[in-house]
Amino acid sequence: MASGDTKEVATDLLPLLRHYKDGTVERFIASPYIPPSPHDPATGVSSKDVTISPLVSARLYLPASATQKLPVLVYFHGGGFCIESAFSLFNHRYVNALVSESNAVAVSVEYRLAPENPLPAAYDDSWAALQWVAYHSVDRGADDKSQHRDSWLAEHADFDRLFIGGDSAGANIVHHLAIRAGSEPLPGDLKILGAFLAQPYFWGSDPIGSESPDLHTEENLIQRIWTCVYPSAPGGIDNPAINPFSPDASSVAALGCARLLVCVSGEDELRERGIRYFEEVKRSGWRGEKIELFEVEGEGHAFHFFGFGSENAKRMITRLASFVSQTRLASS
């Protein structure tokens with residue numbers, strides 16, 4: 001490229017992306033787009049894409065045996081808030097497998113990515129998507145045109161079994177949605193039965209547990225990602241959005257869900273944060289029914305995406321699917 005055509009770099013977030021001062025972004029790590037399928041040949045799961053608002057869209061999944069009311073999973077993908085998509089190969093085959101095993105209806109949310117749309121854009125988009133799903137639980141009459149209602153949700157969703165879940169940055173989003181749902185009612189006063197946080201993207205300036213101090217520098221990729229995706233965050237890496245244990249963070253006792261599953265893996269740099277989160281919720285006075293911790297030894301971050309089909313990835317998906325397919329306690 002001629003020197004006169006070289007664009008000026010604003011942020012080098014290698015190996016993930018490069019952000020230029022003209023606003024464009026070049027992404028280097030991302031799985032390819034894959035279209036929805038009316039009938040997956042391996043699982044029989046159907047999928048389609050929907051528009052929720054001018055800013056938010058989603059991919060919906062319906063299992064082959066959709067002959068009764070089914071649990072609903074609203075899923076948020078990972079990727080550090082800056083890469084990946086609900087429409088990518090990694091996420092499509094993952095949610096497809098979750099739906100097949102759990103026999104649930106799923107809504108995989110396509111939220112806006114940073115750095116083009118810095119946080120809190122992803123949080124706002126995700127809350128809007130959750131509200132859209134909740135609107136389907138309210139019978140507002142045939143003449144209502146305030147929301148685009150989807151037939152799969154209207155006909156097949158059991159809204160008494162609403163779950164939210166996410167991986168990495170998506171798990172971070174799930175935490176914030178559950179906190180918000182604890183104080184701000186969803187349409188129809190719909191309640192979240194369960195939430196799963198898989199390898200949640202939490203961090204902070206001070207090491208905890210077995211974390212190496214070498215990880216807590218401005219050069220570390222974990223911190224560089226946060227600075228890129230939320231440059232205006234007060235407190236930086238200790239902002240409550242990334243550090244739920246900071247003094248300014250909302251108490252995890254306020255989580256607005258009845259059940260919680262936290263998943264970690266033994267070789268993940270974020271492992272200690274997930275375990276600390278589990279422990280903090282247990283001793284917080286949270287009034288939910290049940291919290292569980294699931295750990296896969298010997299695996300790193302996002303192993304169930306990069307090693308999809310491996311025995312440990314299958315174990316992970318089976319554990320998440322069993323969480324989503326559970327029913328409400330008879331006494332509740």
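The exercises below, each with a worked solution, deal with helix packing, aromatic pairs and selected loop residues in a predicted model.

Residues are numbered from 1 along each chain as its sequence is written, and side-chain values use heavy atoms, with hydrogens and water left out. Because the model is predicted, local features need pLDDT of at least 70 and side-chain atom pairs count only at pLDDT 80 or more, whereas totals for chains, interfaces and linings use all residues.

**Exercise 1. Work out how helix H2 packs against helix H4, and which residues meet.**

Step 1. Identify the elements: helices (H or I, at least four residues) and strands (E, at least two) are DSSP runs, numbered from the N terminus, and here H2 covers residues 121-135 while H4 covers residues 169-181.

Step 2. Take the geometry, in which axes are lines fitted to C-alpha atoms, for helices over the stretch in contact, and angles run from 0 to 180 degrees between N-to-C directions. The axes of H2 and H4 are 10 Å apart, and the packing angle is about 60 degrees. That angle makes H2 oblique to H4, given that angles under 35 degrees count as roughly parallel, over 145 as roughly antiparallel, 65 to 115 as roughly perpendicular and the rest as oblique.

Step 3. Assign the hand: H2 and H4 cross in a right-handed sense, where a crossing is right-handed if the near helix is turned clockwise from the far one by less than a right angle, and left-handed if anticlockwise.

Step 4. List the contact (heavy atoms within 4.5 Å): from H2 come Ala-122, Tyr-123, Ser-126, Trp-127 and Leu-130, and they meet Asn-172, Ile-173, His-176, Leu-177, Arg-180 and Ala-181 of H4. Sorted by class, the contact of H2 with H4 has 7 nonpolar, 3 polar and 1 charged residues; here Ala, Val, Leu, Ile, Met, Phe, Trp, Tyr, Cys and Pro count as nonpolar, Asp, Glu, Lys and Arg as charged, and the others, Gly among them, as polar.

**Exercise 2. Repeat the analysis for H1 and H8.**

Step 1. The axes of H1 and helix H8 (residues 311-324) come within 8 Å and cross at roughly 55 degrees, and H1 and H8 are therefore oblique to each other. Their crossing is right-handed.

Step 2. On the H1 side the contact is made by Tyr-94, Ala-97, Leu-98, Glu-101 and Ser-102, and on the H8 side by Ile-317, Thr-318, Leu-320, Ala-321 and Val-324. The residues of this contact of H1 with H8 divide into 7 nonpolar, 2 polar and 1 charged.

**Exercise 3. Classify the ring pair of Trp-226 and Tyr-230 and place it in its aromatic cluster.**

Step 1. Apply the rule that rings of Phe, Tyr and Trp (its six-membered ring) pair if their centres lie within 6.5 Å, with planes under 30 degrees apart counted as stacked, over 60 as edge-to-face and the rest as tilted. By this rule the count comes to 10 aromatic pairs.

Step 2. The ring centres of Trp-226 and Tyr-230 are 5.6 Å apart and their planes stand at 70 degrees, so this pair is edge-to-face.

Step 3. Both Trp-226 and Tyr-230 are buried, a term that means under 20% relative accessible area, against over 50% for exposed and partly exposed in between (1.4 Å probe, protein chains only). Together with Phe-81, Tyr-123 and Tyr-201, they form one aromatic cluster.

**Exercise 4. Locate Pro-187 and Pro-200 and find their contacts beyond neighbours within four places in sequence.**

Step 1. Pro-187 lies in the loop between H4 and strand S9 (192-198) and is buried at a relative accessible area of 13%. Its contacts are Gln-131, Ala-134, Tyr-135, Ser-137 and Val-138; Tyr-135 is 52 residues away in sequence, yet the C-alpha to C-alpha distance to Pro-187 is 5.5 Å.

Step 2. Pro-200 belongs to the loop between S9 and helix H5 (221-229) and is buried, with a relative accessible area of 1%. Pro-200 is in contact with Ser-168, Ala-171, Cys-263, Leu-270 and Gly-274, and the C-alpha atoms of Pro-200 and Leu-270, 70 residues apart along the chain, are separated by 7.1 Å.

**Exercise 5. Describe the backbone at Pro-120 and at Ser-168.**

Step 1. The peptide bond from Leu-119 to Pro-120 is cis, with omega near 15 degrees, and Pro-120 is found in the loop between strand S7 (105-110) and H2.

Step 2. Ser-168, although not a glycine, has a positive phi of about 60 degrees. Ser-168 sits in the loop between strand S8 (157-167) and H4, and is buried with a relative accessible area of 12%.
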